[in-house]
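Hi there,

Here is the structure I promised to pass along. Have a look at it first, and then read on for my notes.

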Amino acid sequence: MSNIESSVTRLLVATKQLIDTLTKWSKRQASETDVSDVYVRLGNEFNVARTCFERAGIEMRYFISLPPIHLLL
(Lines give C-alpha, C1' and ligand atoms only; values in the text may rest on other atoms or scores of the structure.)
Protein backbone atom coordinates (compact mmCIF):
# COMPACT_ATOMS: atom_id res chain seq x y z
CA MET A 1 0.00 0.00 0.00
CA SER A 2 2.91 2.39 0.63
CA ASN A 3 3.83 2.11 -3.07
CA ILE A 4 0.38 3.39 -3.98
CA GLU A 5 0.61 6.23 -1.46
CA SER A 6 4.04 7.38 -2.63
CA SER A 7 3.10 7.10 -6.31
CA VAL A 8 -0.06 9.15 -5.75
CA THR A 9 1.96 11.74 -3.82
CA ARG A 10 4.44 12.01 -6.71
CA LEU A 11 1.52 12.26 -9.15
CA LEU A 12 -0.01 15.11 -7.14
CA VAL A 13 3.32 16.93 -6.98
CA ALA A 14 3.74 16.57 -10.76
CA THR A 15 0.18 17.85 -11.27
CA LYS A 16 0.92 20.92 -9.14
CA GLN A 17 4.12 21.51 -11.08
CA LEU A 18 2.17 21.38 -14.34
CA ILE A 19 -0.36 23.88 -13.03
CA ASP A 20 2.45 26.18 -11.89
CA THR A 21 4.27 25.86 -15.21
CA LEU A 22 1.09 26.49 -17.20
CA THR A 23 0.49 29.61 -15.11
CA LYS A 24 4.02 30.79 -15.87
CA TRP A 25 3.53 29.94 -19.55
CA SER A 26 0.37 32.05 -19.65
CA LYS A 27 2.44 34.96 -18.33
CA ARG A 28 5.25 34.22 -20.82
CA GLN A 29 7.56 33.19 -18.00
CA ALA A 30 7.87 29.59 -19.22
CA SER A 31 8.26 28.12 -22.69
CA GLU A 32 6.26 25.42 -24.41
CA THR A 33 9.31 23.19 -23.90
CA ASP A 34 9.08 23.81 -20.14
CA VAL A 35 5.41 22.84 -20.20
CA SER A 36 6.14 19.78 -22.30
CA ASP A 37 8.90 18.61 -19.95
CA VAL A 38 6.64 18.88 -16.90
CA TYR A 39 3.79 17.22 -18.79
CA VAL A 40 6.02 14.27 -19.73
CA ARG A 41 6.97 13.90 -16.07
CA LEU A 42 3.28 13.97 -15.13
CA GLY A 43 2.60 11.24 -17.71
CA ASN A 44 5.41 9.12 -16.31
CA GLU A 45 4.13 9.54 -12.75
CA PHE A 46 0.61 8.73 -13.93
CA ASN A 47 1.84 5.49 -15.47
CA VAL A 48 3.72 4.54 -12.29
CA ALA A 49 0.61 5.21 -10.17
CA ARG A 50 -1.59 3.25 -12.57
CA THR A 51 0.81 0.30 -12.41
CA CYS A 52 0.81 0.40 -8.59
CA PHE A 53 -3.00 0.38 -8.54
CA GLU A 54 -3.17 -2.48 -11.04
CA ARG A 55 -0.65 -4.54 -9.05
CA ALA A 56 -2.86 -4.03 -5.99
CA GLY A 57 -5.81 -5.41 -7.95
CA ILE A 58 -7.57 -2.05 -8.37
CA GLU A 59 -9.27 -1.69 -11.77
CA MET A 60 -7.82 1.16 -13.83
CA ARG A 61 -9.31 0.55 -17.28
CA TYR A 62 -10.93 3.99 -17.35
CA PHE A 63 -7.59 5.67 -16.69
CA ILE A 64 -5.58 4.38 -19.62
CA SER A 65 -3.39 7.36 -20.52
CA LEU A 66 -3.01 11.11 -20.72
CA PRO A 67 -3.62 12.97 -24.01
CA PRO A 68 -0.62 14.23 -26.01
CA ILE A 69 0.58 17.67 -24.93
CA HIS A 70 -0.24 19.29 -28.28
CA LEU A 71 -3.94 18.71 -27.55
CA LEU A 72 -3.65 20.90 -24.46
CA LEU A 73 -1.82 23.89 -25.95
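Let me begin with a side chain towards the end of the second helix: Glu-54 has a relative accessibility of 44%, so it counts as partly exposed. Please keep in mind throughout that this is a predicted model. Glu-54 makes a salt bridge with Arg-50, and their closest N and O atoms are 3.9 Å apart. Both residues belong to helix 2, where four residues, or about one turn of the helix, separate them.

That pair is one of three salt bridges in the structure. Another joins the side chains of Asp-20 and Lys-16, at 2.9 Å from N to O. Because Asp-20 and Lys-16 are four residues apart in helix 1, about one helical turn lies between them. Asp-20 is partly exposed, its relative accessible area being 34%.

Which residue does Arg-10 pair with in a salt bridge? The partner is Glu-45, with 3.2 Å between the closest N and O atoms. This pair connects distant parts of the chain, since Arg-10 sits in helix 1 and Glu-45 in helix 2, 35 residues apart. The two ends also differ in cover: Arg-10 is partly exposed at a relative accessible area of 33%, whereas Glu-45 has 13% relative accessibility and therefore counts as buried.

Now for the overall picture. The protein has two helices and zero strands. Of its 73 residues, 25% count as buried. About 5400 Å² is exposed, and carbon and sulfur atoms supply 57% of that area. Among contacts with a separation of 6 or more, 59% are between residues 24 or more positions apart.

Helix 1 covers residues 2–26, which makes 25 residues. From first C-alpha to last it reaches 36 Å, close to the 36 Å expected at 1.5 Å a residue. Just after this helix, Arg-28 takes a positive phi of about 60°, which may be a good spot to look at in your viewer.

Which residues of helix 1 are buried? They are Ile-4, Ser-7, Leu-11, Ala-14, Leu-18 and Thr-21, and the buried residues of this helix pack against helix 2 (32–55).

Two members of that list have hydroxyl side chains, and I looked at each of them. Ser-7, in helix 1, has a relative accessible area of 0% and so is buried. Leaving aside residues up to four places away in sequence, Ser-7 touches Val-48, Ala-49 and Cys-52. Thr-21, also in helix 1, is buried with a relative accessible area of 13%, which is under the 20% cut-off. With the same neighbours in sequence left out, Thr-21 touches Ala-30, Asp-34, Val-35 and Val-38.

Last comes the nonpolar core. In soluble globular proteins, nonpolar side chains tend to be buried together. Here the largest nonpolar core has nine residues: Leu-11, Ala-14, Leu-18, Val-35, Val-38, Tyr-39, Leu-42, Phe-46 and Ala-49. Helix 1 and helix 2 each supply at least two of them, and the largest share, six residues, comes from helix 2. Some of these names have already come up: Ala-49 is one of the contacts of Ser-7, while Val-35 and Val-38 are among those of Thr-21.

Happy browsing, and do write back with any questions.

Best wishes

Technical notes
Residues numbered from 1 in each chain as written. Predicted model: local features only at pLDDT ≥ 70, side-chain atom pairs only at ≥ 80, totals over all residues. Heavy atoms only, no water. Expected span 1.5 Å × (residues − 1). Buried < 20%, exposed > 50% of the residue type's maximum accessible area, 1.4 Å probe, protein only. Contact = heavy atoms within 4.5 Å. Core = buried A, V, L, I, M, F, W, Y, C linked by side-chain atoms within 4.5 Å. Areas by Shrake-Rupley, 256 points an atom, 1.4 Å probe, with all protein chains shown as cover. Salt bridge = Lys/Arg side-chain N within 4 Å of Asp/Glu carboxyl O.
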